[in-house]
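Welcome! Keep the sequence and the 3D view at hand, try each exercise yourself, and then read the worked solution below it.

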Amino acid sequence: MRSKKPLNAPYTPSDFGTSERIQHTSGVRYERTSKKLGSEKRLRITNQTPLDRMLQREHITQRQFDAGQKLYALHRKAGQSQRLTSNYSANIVDGGSGGNGESAGEAFSEYLSALRSVGRDLASVLQWVVVQGSAPNEWAKNNGHSPKGGIVAVRLALDAVGDYFRIAR
């Protein structure tokens, strides 16, 4: 009879896919799940969103990236993004989303106040790039600006959101 794998066994490289798969995939890096030494690692795709690509190409700073990620997390927590899978664990009686309505409402009000703090124009570029995942030059073209000015608007908007969230410079 085969012995069972212990629950606290360290991860093997196969948990992240085969070495050939990782070798031929661009934009993948290992990162720790916590700041403790020896903590578990996870594989993170680093070129999935426009923010990821802008950070990778050094168009934005780490502070601007963190501000964009925090804004996107608020948007997700507020339940504003489209669900890709069904929620089987919630008992929905009143037609609501089935989640914790109080925390979702708080997240939505925090999201709106963060957008209000940057102004209408910069809020539109944040929604376009951070939330919807479109390119900054497309936002600039649609709003009558120079396509090269889109990245400048994103930088200004992310700096303003970073100031709102009090992220250290």
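Helices (H or I, at least four residues) and strands (E, at least two) are DSSP runs, numbered from the N terminus. This is a predicted model, in which local features need pLDDT of at least 70 and side-chain atom pairs count only at pLDDT 80 or more, while totals for chains, interfaces and linings use all residues. Residues are numbered from 1 along each chain as its sequence is written, and side-chain values use heavy atoms, with hydrogens and water left out.

**Exercise 1. Find how many helices and strands there are in the protein, and the pattern they follow along the sequence.**

Step 1: Count the elements; the protein has seven helices and two strands.

Step 2: Put them in sequence order, which gives α-β-β-α-α-α-α-α-α.

Step 3: Add the confidence, using pLDDT (the predictor's confidence in each residue, from 0 to 100). The average for the protein is 81, and 76% of the residues score at least 70. Confidence is lowest in helix 1 (residues 19-23), with a mean of 72, and highest in helix 7, with 95.

**Exercise 2. Compare the reach of helix 3 and of helix 7 with the expected values, and list their buried residues.**

Step 1: Recall that the expected span of a helix is 1.5 Å times one less than its number of residues.

Step 2: Helix 3 (residues 62-77) has 16 residues and reaches 22 Å from its first C-alpha to its last, close to the expected 22 Å. Helix 7, with 16 residues, reaches 23 Å, close to the expected 22 Å.

Step 3: Look for buried residues (under 20% relative accessible area; exposed is over 50%, partly exposed in between; 1.4 Å probe, protein chains only). In helix 3 these are Arg 63, Gln 64, Phe 65, Ala 67, Gly 68, Leu 71, Leu 74 and His 75. In helix 7 they are Gly 150, Ile 151, Ala 153, Val 154, Ala 157, Leu 158, Val 161 and Gly 162.

Step 4: For the protein, buried residues make up 27% of the 169 residues.

**Exercise 3. Work out which helices supply at least two residues each to the largest nonpolar core.**

Step 1: A nonpolar core is a set of buried Ala, Val, Leu, Ile, Met, Phe, Trp, Tyr and Cys residues joined through side-chain atoms within 4.5 Å.

Step 2: The largest such core has 28 residues, and those with the most contacts inside it are Leu 51, Met 54, Leu 71, Val 125, Leu 126 and Leu 158. Helix 2, helix 3, helix 4 (101-118), helix 5 (120-131), helix 6 (136-142) and helix 7 each supply at least two of its residues.

Step 3: Take Val 125 and look for contacts (heavy atoms within 4.5 Å). Leaving aside neighbours within four places in sequence, Val 125 is in contact with Val 130, Trp 139, Ala 153, Val 154 and Ala 157.

**Exercise 4. Is Asp 52 buried or exposed, and which residues does Asp 52 touch?**

Step 1: Locate Asp 52 in helix 2.

Step 2: Asp 52 has a relative accessible area of 5%, so this residue is buried.

Step 3: Not counting residues up to four places away in sequence, Asp 52 touches Arg 44, Ile 45, Thr 46, Asn 47 and Phe 65.

**Exercise 5. Find where Glu 58 and Arg 166 lie, and check the sign of phi in each.**

Step 1: Start from the background: most residues other than glycine have a negative phi.

Step 2: Glu 58, in the loop between helix 2 (50-56) and helix 3, has a positive phi near 65°. Its relative accessible area is 71%, so Glu 58 is exposed.

Step 3: Arg 166, in the segment after helix 7 (149-164), is not a glycine either, and has a positive phi of about 60°. At 75% relative accessibility, Arg 166 counts as exposed.

Step 4: For a glycine example, see Gly 79 just after helix 3, with a positive phi of about 80°.

**Exercise 6. Decide how the rings of Tyr 164 and Phe 165 are arranged.**

Step 1: Rings of Phe, Tyr and Trp (its six-membered ring) pair if their centres lie within 6.5 Å; planes under 30 degrees apart count as stacked, over 60 as edge-to-face and the rest as tilted.

Step 2: The count by this rule is one aromatic pair. The ring centres of Tyr 164 and Phe 165 are 5.3 Å apart and their planes are at 70°, so the pair is edge-to-face.

Step 3: Tyr 164 is partly exposed at 26% relative accessibility, whereas Phe 165 is buried at 12%.
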